[in-house]
Amino acid sequence: MLRYLTAGESHGQALVGILEGLPAGMPVNREGIDEDLARRQQGYGRGGRMAIEQDRIHVLSGLRGGVTLASPLAFTIENRDYQNWQQGMDPFQGDVTYRQVVHPRPGHADLPGALKYGFDDMRPILERSSARETAARVAVGSITRQMLQPFGIEAACHVVSIGSAAIQHQPLTFESLTGAENSPVRCIDESAATKMMAAIDQAKAQGDSLGGVVEVRVKGLPVGLGSHVQWDRKLDARLAYALMSIQAVKGVEIGDGFETARRPGSQVHDEIYHDKDRGIHRKTNHAGGIEGGMSNGEELVVRCGVKPIPTLMQPLQTIDMRTKEPFEAVKERSDTCAVPAAAVVAELVTLFVVAQAFLETFGRDSFEEMKRCWKPSR
Ligand SMILES: Cc1cc2nc3c(=O)[nH]c(=O)nc-3n(C[C@H](O)[C@H](O)[C@H](O)COP(=O)(O)O)c2cc1C
Ligand SMILES: C=C(O[C@@H]1CC(C(=O)O)=C[C@@H](OP(=O)(O)O)[C@H]1O)C(=O)O
């Protein structure tokens, strides 16, 4: 089984990941992983932290000469900001009274975390709940991207909306997303991108924050990833679980998602055709590539609703955890909008789930054998 764990505090020494279950003999290219790490760091609306970090993977085990050994692949990603935080974050010498947080931010993990774990100071909660952790998940997903590439499976992402600024509704395909890579907000529609950036500027000037909707598309999926036979094997359910675990994601849709509930069946279900050139195919893809918890051979389309950043420079009302008196929520250095970064995270999290399901159906102990035995049922 392909699985991973991450560790690491946002301002600790490093993020840590252990990825286990890759086939033996699979080439892994460091530059490819670093490219995905850099993509996650980009995006209009980020705060000062991204100017400090330069995320790079440092592999500790599981590879020799750039090839997997089938053993767990362990890695770190350095937190350069640790240099500025060592006084408070050193594992043994750290001063636990350093930069205490006693005014919980509505919308962050601060308050429930503090009550659950019995802290008055919410610094330990903030450190681990921070989306800094998503860098490790991007590294994991990027390695799985390299596993899936030889089988013709590719993923891309883009930003559909930020606040009320949205792309014009149009039928999209994997190919139409290429322009997103060069956009500061990862948006394929230039006029919408301009409006998104203006909305971010306005939110920033008002001490506010913005969320949005991101979309991931995966092409080249074989039929039959996931299964209808058990609840926890359904590909759509597994994607929803994984994507919902991304910090600030509050909704996940597959295909037309919530919109299908408003339309009659004749406008929702994708009719089935066959011809010699294309084999079995559809002319529409409202289902987003999954029926009955299984990939159906069409493009996978998933969308995530990302809520606005909880840290506001014009803070919301809260309490002081020690006195319970009313107070303004803590103002930490923060992003104004992290939707473009969340799109990249969603892309790589999606690829991990796809890779897990792919190995269940097409996996072998060695990568060479996997490629030899690969026979997609289309
Ligand atoms: C890429 C990314 C960057 C984020 N940056 C911030 C930030 O700078 N400040 C902040 O308060 N929240 C930020 N968040 C959101 C919080 O991490 C998130 O809201 C918090 O962990 C609570 O979890 P929940 O929103 O899933 O309930 C970010 C989220 C993502 C995906
Ligand atoms: C560090 C990252 O995102 C961080 C996520 C985050 C949060 O509360 O989630 C808060 C901010 O951290 P800081 O207070 O250090 O500026 C973001 O910068 C990152 O994405 O790599």
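Analyst: Ala, Val, Leu, Ile, Met, Phe, Trp, Tyr, Cys and Pro count here as nonpolar, Asp, Glu, Lys and Arg as charged, and the others, Gly among them, as polar. By these classes, the shell around ligand 1 holds 10 nonpolar, nine polar and two charged residues. The model is predicted: local features need pLDDT of at least 70, side-chain atom pairs count only at pLDDT 80 or more, and totals for chains, interfaces and linings use all residues. Residues are numbered from 1 along each chain as its sequence is written, while chains are lettered from A and ligands numbered from 1 in the order in which they are written.

User: What makes a residue part of the surroundings of ligand 1, and which are the closest?

Analyst: The C-beta atom, placed from the backbone, must lie within 6 Å of the ligand. Ligand 1 has 21 such residues, with Ala-131, Gln-247, Thr-311, Asp-335 and Ala-338 the closest. Helix α9 supplies the largest share of this shell, three residues.

User: Which residues come nearest to ligand 2, and what classes make up its shell?

Analyst: Arg-49, Ser-130, Ala-131, Arg-132 and Arg-333 come nearest, out of 13 residues around ligand 2. The shell comprises six charged, five polar and two nonpolar residues.

User: Why is Val-353 called buried?

Analyst: A residue is buried if 20 or more other C-beta atoms lie within 10 Å of its own, exposed if 12 or fewer, and partly exposed in between. Val-353 has 24 such neighbours and is therefore buried. This residue belongs to helix α9, residues 339-362. Leaving aside residues up to four places away in sequence, Val-353 touches Arg-238, Leu-239 and Ala-242, contact being C-beta atoms within 7 Å.

User: How do you know that Arg-128 and Ser-130 are partly exposed?

Analyst: Arg-128 has 16 other C-beta atoms within 10 Å, so it is partly exposed. Ser-130, with 18 C-beta neighbours inside 10 Å, counts as partly exposed too. Arg-128 lies in helix α5 (residues 123-129), whereas Ser-130 is in the loop between α5 and α6. An unreviewed UniProt entry places the feature "binding site" at several positions, including Arg-128, Ser-130, Gln-247 and Arg-333. The annotated positions spread over 206 residues of sequence and up to 44.3 Å between C-alpha atoms.

User: What makes α6 largely enclosed, and how does its span compare with the expected value?

Analyst: Helix α6 is largely enclosed by the rest of the structure because 13 of its 15 residues are buried. From first to last C-alpha it reaches 21 Å, close to the 21 Å expected at 1.5 Å a residue.

Methods. Helix = DSSP H or I, 4+ residues; strand = E, 2+ residues; numbered from the N terminus. Contact = placed C-beta atoms within 7 Å. UniProt positions renumbered as here; feature names shortened; annotations may be inferred. Expected span 1.5 Å × (residues − 1).
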